[in-house]
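These are my notebook entries from a session of looking things up in one structure. I kept them in the order in which I turned to each part.

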Protein chains: 4
Amino acid sequence: MIIIMGPNADRDDINHVIDRVKSSGLQAHVIEGEAQTIVGVVGTPIPPSLQENLETLPGVNEVVRVSTKFKLSGRDFHPHNTRITINPQGAPAGTPPVVIGGDAITVIAGPCSVESEEQIMESARGVRAAGAVALRGGAYKPRTSPYEFRGLGEKGLEFLAKARAETGLAIITEVMTPADVELVGQYTDIFQIGARNSQNYLLLEEVGKAGKPVMLKRGLSMLVEEWLMAAEYVMAQGNPDVMFCERGIRTYETATRNTLDVSAVPVVKKLSHLPILIDPSHAAGKRAFVDSLSLAGIAAGADGLMIEVHPDPDHALSDGAQTISVDEFNILMPKIAAVAAAVGRTVPATSAVAD
Amino acid sequence: MIIIMGPNADRDDINHVIDRVKSSGLQAHVIEGEAQTIVGVVGTPIPPSLQENLETLPGVNEVVRVSTKFKLSGRDFHPHNTRITINPQGAPAGTPPVVIGGDAITVIAGPCSVESEEQIMESARGVRAAGAVALRGGAYKPRTSPYEFRGLGEKGLEFLAKARAETGLAIITEVMTPADVELVGQYTDIFQIGARNSQNYLLLEEVGKAGKPVMLKRGLSMLVEEWLMAAEYVMAQGNPDVMFCERGIRTYETATRNTLDVSAVPVVKKLSHLPILIDPSHAAGKRAFVDSLSLAGIAAGADGLMIEVHPDPDHALSDGAQTISVDEFNILMPKIAAVAAAVGRTVPATSAVAD
Amino acid sequence: MIIIMGPNADRDDINHVIDRVKSSGLQAHVIEGEAQTIVGVVGTPIPPSLQENLETLPGVNEVVRVSTKFKLSGRDFHPHNTRITINPQGAPAGTPPVVIGGDAITVIAGPCSVESEEQIMESARGVRAAGAVALRGGAYKPRTSPYEFRGLGEKGLEFLAKARAETGLAIITEVMTPADVELVGQYTDIFQIGARNSQNYLLLEEVGKAGKPVMLKRGLSMLVEEWLMAAEYVMAQGNPDVMFCERGIRTYETATRNTLDVSAVPVVKKLSHLPILIDPSHAAGKRAFVDSLSLAGIAAGADGLMIEVHPDPDHALSDGAQTISVDEFNILMPKIAAVAAAVGRTVPATSAVAD
Amino acid sequence: MIIIMGPNADRDDINHVIDRVKSSGLQAHVIEGEAQTIVGVVGTPIPPSLQENLETLPGVNEVVRVSTKFKLSGRDFHPHNTRITINPQGAPAGTPPVVIGGDAITVIAGPCSVESEEQIMESARGVRAAGAVALRGGAYKPRTSPYEFRGLGEKGLEFLAKARAETGLAIITEVMTPADVELVGQYTDIFQIGARNSQNYLLLEEVGKAGKPVMLKRGLSMLVEEWLMAAEYVMAQGNPDVMFCERGIRTYETATRNTLDVSAVPVVKKLSHLPILIDPSHAAGKRAFVDSLSLAGIAAGADGLMIEVHPDPDHALSDGAQTISVDEFNILMPKIAAVAAAVGRTVPATSAVAD
């Protein structure tokens with residue numbers, strides 16, 4: 001920690017700062033510049049509230065934290081990329097594991113919501129044939145308005161499991177509240193934490209304890225730093241299998257539903273060893289832009305994509321405007337594979353089991 | 001609902017739209033302009049997914065929703081301001097009720113976190129003497145990092161209740177998860193829903209069922225529309241006593257912790273009949289700006305303030321940098337009263353019980 | 001300047017940084033913490049590009065600037081508030097000067113655009129009678145679309161001068177390009193630099209040379225720091241009479257045209273000695289919110305207001321939706337005076353000359 | 001234009017709206033829904049201020065514009081992509097033209113500022129050998145602070161022309177003010193309008209008259225709609241050769257200097273027929289992220305890149321932190337070519353002349 005004194009700070013102000021540092025059991029090193037004085041703090045542990053307390057002392061201009069905050073999610077202490085391996089529970093024998101964070105790009109696809117058994121089976125078959133390795137589908141849906149469709153609940157989870165049993169696709173589905181973690185965990189292969197729950201810390205801890213991989217969608221206006229801190233909450237419970245999913249942030253621009261922060265890919269890669277995926281559908285909000293954003297994400301270095309695909313998007317119960325059809329997904333997948341190859345990645349062939 | 005066709009839309013495109021509208025049991029009225037055609041939708045109910053589904057039809061430029069979405073929180077159907085009356089539970093006999101949304105400005109004050117019995121008692125006495133009518137204090141604290149102080153839990157609630165029993169101050173404290181609603185409800189007079197939980201819909205419904213007033217802090221990048229929708233979640237459970245609290249939104253500007261959206265006061269007043277308060281402390285993030293923002297909020301028409309006050313802010317366990325001392329609060333209160341008077345409001349005298 | 005090394009930086013990295021600092025003629029002080037090393041830079045002048053160059057050296061985590069950047073606009077070296085005194089050019093004898101930045105609140109009012117002699121005369125008489133001391137009105141209008149009304153040009157300036165000659169109101173009008181500074185300067189008492197030109201540095205220098213007061217509107221997404229830097233551009237040309245005008249920043253919220261950053265008032269007051277005004281009209285974008293924002297600005301400590309007022313706003317050629325009528329302005333002025341009084345400010349009586 | 005009445009609007013309110021529409025020489029069509037009434041406006045031309053004027057009438061909830069605003073830049077009336085062909089002025093005989101907006105990706109590279117003849121010659125040779133077809137370099141630099149390096153002026157333009165004469169690279173350089181357009185136009189092949197001047201309308205018109213291609217960088221918080229409107233300003237002067245350059249927008253995220261809005265590529269492609277390029281350097285602000293953003297831009301469908309490259313970025317006078325070296329550019333170019341090929345584009349071989 002460094003305390004930057006203002007140009008008008010006097011000797012008393014500086015001594016006051018030094019006393020405050022020492023009273024926390026730390027050492028203070030003073031550098032006197034021509035215009036301003038700086039006090040460097042040496043020692044550990046630094047009490048969490050010290051920064052705020054120092055900032056308000058007279059003569060202090062600014063307090064800068066130095067030490068790395070990401071003990072578990074940060075790359076400083078874990079230089080190698082984390083690979084998450086998932087064996088879809090109850091999949092047909094011989095189903096290969098899904099690996100996230102390796103050389104291969106992981107493509108997750110499926111509808112926004114599980115609407116019926118028929119719809120999810122048709123979705124699963126379609127996206128699997130096109131090359132997806134995991135199936136998304138919401139059984140519990142957070143909706144801005146209480147008057148909209150909110151998902152089928154456990155029935156939806158059952159339909160997802162049926163789709164997995166037939167196709168071998170891993171399942172990812174959202175859990176919205178700590179009380180649901182056990183039930184959802186009986187079905188899902190990956191817990192999805194939605195953007196609106198990205199700082200629901202008790203939920204993060206609960207999925208941390210559940211011992212299955214967790215995908216953390218970025219909050220609507222979440223800093224990358226806060227995102228890594230959310231991962232710390234999960235990992236501090238002993239769960240190392242965390243992945244990020246960039247799904248667009250909220251900005252002033254209204255031409256898209258959100259603004260895909262594609263830079264988050266290299267930023268996260270630099271700060272963290274955890275995998276990061278892109279959700280082009282929520283970022284775009286419009287079907288016509290899903291292709292471009294998918295390819296941009298892969299080119300930027302993302303480890304995978306999560307794309308909304310529906311057998312009949314024009315009649316989808318939620319997110320229809322940003323959902324592509326199975327046919328469109330079939331056209332998109334080879335493009336993804338081409339860009340993946342261009343950046344030295346692969347898209348796994350998935351024909352082994354089902355065909 | 002209105003469908004705006006693009007300038008290149010042809011007759012087939014328009015018919016396609018009309019068919020889609022009629023297949024939902026609604027009527028379509030076509031207005032043909034010189035450059036573009038518009039289709040107006042008449043009838044109810046409009047299926048929630050219709051807008052998204054229409055947006056993707058060929059030739060459609062834009063779909064605009066018309067009907068009022070805020071059935072319970074909106075002013076259209078409830079023209080008169082809601083007043084929320086709270087009788088602090090277990091307060092000394094003769095304690096006057098706290099009324100939020102009336103002529104009087106409601107001032108809530110207290111520390112960020114309940115740190116100890118002594119700290120909260122001293123806070124309560126201090127803010128009460130200065131004119132506050134309710135006491136804030138977190139027993140369960142959402143923290144960005146899992147390695148920081150997270151509150152005393154139920155012990156903190158007990159200390160709050162003791163402070164109320166002595167001072168007559170109403171209590172407001174945050175509840176973070178549905179499972180805690182019952183316990184927190186045994187103590188608190190007002191449930192606070194924090195910014196990070198502003199779209200935690202299951203929590204909103206749970207406090208909706210609990211039958212006590214609820215304060216909805218605005219999410220970090222929440223639209224005013226989404227805020228009213230969050231209120232719909234609470235109110236749809238039969239709880240009419242909802243109030244808003246603007247605490248700053250996240251913008252590009254870093255000179256303050258958040259950007260106080262003071263315009264939200266008249267905007268909410270126009271759209272909704274529910275009271276709105278200002279939290280100058282979280283908006284500013286710095287003690288030096290709390291006075292200005294408090295006064296600005298009252299001048300803009302807010303129904304009250306929630307201010308972080310601590311007996312010794314320089315040693316606070318959380319939010320110290322933005323917390324003012326009891327002495328500073330004593331200096332601020334008369335300024336609040338003066339501005340309140342200037343805009344035709346009052347600040348209630350609170351000396352009846354304690355003195 | 002402080003260089004914060006990463007936890008994995010080795011001795012070579014640190015020596016590399018030290019060499020780079022010394023090669024710029026500066027001294028380097030090293031503080032070795034348990035986890036990380038910090039290098040403090042002492043000496044002057046620090047080359048402007050040094051920070052960027054150091055940031056890319058191996059092992060460097062972050063470089064923090066320390067020295068005060070605001071040599072002329074900053075409060076560090078000019079602790080007392082600047083007062084700007086304006087004697088409206090060609091006003092009737094006995095017209096009192098307009099003082100901005102003193103105890104009195106300065107209210108500037110008038111239409112968005114000068115539309116005709118009649119319109120500006122009627123506006124001037126109306127706002128003067130209500131208590132304004134200066135008249136706004138655009139002769140050169142920046143418009144988002146090239147197909148909209150762009151002002152009357154010099155004819156508009158002449159009408160403004162006529163209004164001043166009759167009413168004694170000082171004039172403020174926008175100048176959009178360096179080539180117009182001389183002409184506009186022949187008429188105006190205050191140059192207005194619009195939000196879109198807030199970083200048009202050649203224009204800032206040109207008005208800096210022109211020797212008349214300058215109002216700097218904040219750019220749509222301008223940091224307060226950049227705003228003070230824009231003032232540096234003007235002041236570095238020898239012109240000390242600069243004032244700021246907060247007119248709302250661009251955020252994700254769409255309920256208002258812009259988001260009034262009322263916190264900018266105390267932030268600017270802390271960093272700078274220059275006056276700051278509020279433009280509630282452009283911030284709100286809607287007439288109904290102008291009152292609230294005006295009062296909020298004054299309560300926050302602003303030195304004045306610039307309000308769009310038109311004799312017939314429903315037929316205004318620009319900005320009609322956010323413009324109030326003269327009648328509404330007459331109702332607003334006493335409210336402004338009341339809030340001003342509540343925060344220890346006054347609104348000058350203007351009846352001396354015209355009545 | 002459509003006027004959406006509020007649910008409480010009465011017959012008088014509706015008649016008032018109809019009268020206002022008719023008094024502008026237009027027709028009003030009324031659709032009465034069960035809850036609300038809509039008034040459609042038919043006819044042309046619609047006066048620019050009508051929308052704002054209608055919005056303030058009693059009972060009106062919202063006014064929605066329908067007609068296409070982008071007469072020249074919009075795709076509605078120009079369905080085919082614009083290709084801009086540039087023959088670098090004074091380049092060696094046989095230099096092939098630079099085509100922007102065709103199948104080939106256009107790579108522009110060079111330093112932030114022209115610092116010396118040697119530096120720009122070395123840059124030009126380096127980027128040409130690696131495959132760039134145009135050279136960037138600022139002779140006039142907009143800087144946030146008046147105390148920083150602001151470019152060599154005309155001397156810088158001369159150095160650029162020398163570099164072109166030797167290498168055949170087209171030149172792009174920024175013009176900051178209308179008075180400089182003639183001089184800069186004597187040297188440059190493409191006028192660059194910087195982000196800070198993106199709504200400097202007089203400058204846009206001046207380059208519109210100058211008859212050379214214009215690159216419009218996106219303003220820091222410019223809507224895509226406003227960007228197209230800026231293009232309208234240029235094109236309305238008779239200049240059809242306009243291209244866009246996305247360089248990151250300002251958001252709350254601080255991990256990068258700006259947030260690359262990669263979605264702007266497909267959005268602009270949908271709305272407009274003009275080419276769009278990506279500037280990964282200003283978006284990232286950090287050298288380490290330039291590769292990822294370059295590739296993301298091409299994958300998203302951009303027509304080209306403008307990248308900051310310097311022979312010795314660690315000693316660059318400006319933007320060093322975001323500038324890559326010639327060696328790094330040599331490594332990046334084949335990656336760009338690979339991603340371009342993956343999306344069906346090419347990178348032109350440039351060896352014809354110089355080798």
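Entry 1, chains A and B. The model is a predicted one, and I began with the meeting of two of its chains, where I found 41 residues of chain A in contact with 41 residues of chain B. On the side of chain A that touches chain B, at least two residues each come from helix 2 (50-55), helix 6 (201-210) and helix 7 (224-235) of chain A. I noted that helix 7 of chain A gives the most to that side, with four residues. Sorting the residues of this side of chain A by character, I had 17 nonpolar, 13 polar and eleven charged.

Entry 2, chain A as a whole. I listed twelve helices and 15 strands as the secondary structure of chain A, and the box that its C-alpha atoms fill, taken along the principal axes, came to roughly 75 × 45 × 40 Å. Chain A has 355 residues, of which 62% count as buried. Looking at the contacts in chain A with a separation of 6 or more, I saw that 67% of them are accounted for by residues 24 or more positions apart.

Entry 3, helix 10 of chain A. How many of the residues of helix 10 of chain A are buried? I counted eleven of the eleven in residues 290-300, so this helix is largely enclosed by the rest of the structure. Among the buried residues I wrote down Val290(A), Asp291(A), Leu293(A), Gly297(A) and Ile298(A). Just after helix 10 of chain A, I came to Gly301(A), which takes a positive phi of about 115°.

Entry 4, two helices of chain C. I then turned to helix 10 (residues 290-300) and helix 11 (residues 326-342) of chain C, which pack at an angle of about 25° with their axes 9 Å apart. Because that angle is under 35 degrees, helix 10 of chain C is roughly parallel to helix 11 of chain C. The crossing of helix 10 of chain C with helix 11 of chain C is right-handed. From helix 10 of chain C, the contact is made by Asp291(C), Ser294(C), Leu295(C), Ile298(C) and Ala299(C), and from helix 11 of chain C by Leu332(C), Lys335(C), Ile336(C), Val339(C) and Ala340(C). I recorded these contact residues as seven nonpolar, one polar and two charged.

Entry 5, Asp319 in chains B and C. Phi of Asp319(B) is near 60°, which is a positive value in a residue other than glycine, and I placed Asp319(B) in the loop between strand 14 (304-310) and strand 15 (324-325) of chain B. Is Asp319(B) buried or exposed? It counts as buried, because I find 22 C-beta neighbours inside 10 Å, where 20 or more are needed. For Asp319(C), phi is likewise near 60°, its place is in the loop between strand 14 (304-310) and strand 15 (324-325) of chain C, and it is buried, with 22 other C-beta atoms within 10 Å.

Entry 6, the sheet of chain D. I ended with an open sheet of four strands in chain D, in the order 2-3-1-4 and with antiparallel pairing. Strand 2 (27-32) and strand 4 (60-64) of chain D are the edge strands, each pairing on one side only, and the twist averages 20° from one strand to the next. Strand 1 (residues 2-5) and strand 4 of chain D run antiparallel and are joined by four bridges, and the bridge partner of Ile2(D) in strand 4 of chain D is Val64(D). Helix 1 (residues 11-22) of chain D lies across strand 1, strand 2, strand 3 (37-42) and strand 4 of chain D, and I noted that it runs at about 5° to strand 3 of chain D.

Key: Residues are numbered from 1 along each chain as its sequence is written. Chains are lettered from A and ligands numbered from 1 in the order in which they are written. This is a predicted model: local features need pLDDT of at least 70, side-chain atom pairs count only at pLDDT 80 or more; totals for chains, interfaces and linings use all residues. Axes are lines fitted to C-alpha atoms, for helices over the stretch in contact, and angles run from 0 to 180 degrees between N-to-C directions. Angles under 35 degrees count as roughly parallel, over 145 as roughly antiparallel, 65 to 115 as roughly perpendicular and the rest as oblique. A crossing is left-handed if the near helix is turned anticlockwise from the far one by less than a right angle, and right-handed if clockwise. Two residues are in contact if their C-beta atoms, placed from the backbone, lie within 7 Å. Ala, Val, Leu, Ile, Met, Phe, Trp, Tyr, Cys and Pro count as nonpolar, Asp, Glu, Lys and Arg as charged, and the others, Gly among them, as polar. A residue is buried if 20 or more other C-beta atoms lie within 10 Å of its own, exposed if 12 or fewer, and partly exposed in between; C-beta atoms are placed from the backbone. Two strands pair if DSSP finds at least two bridges between them.
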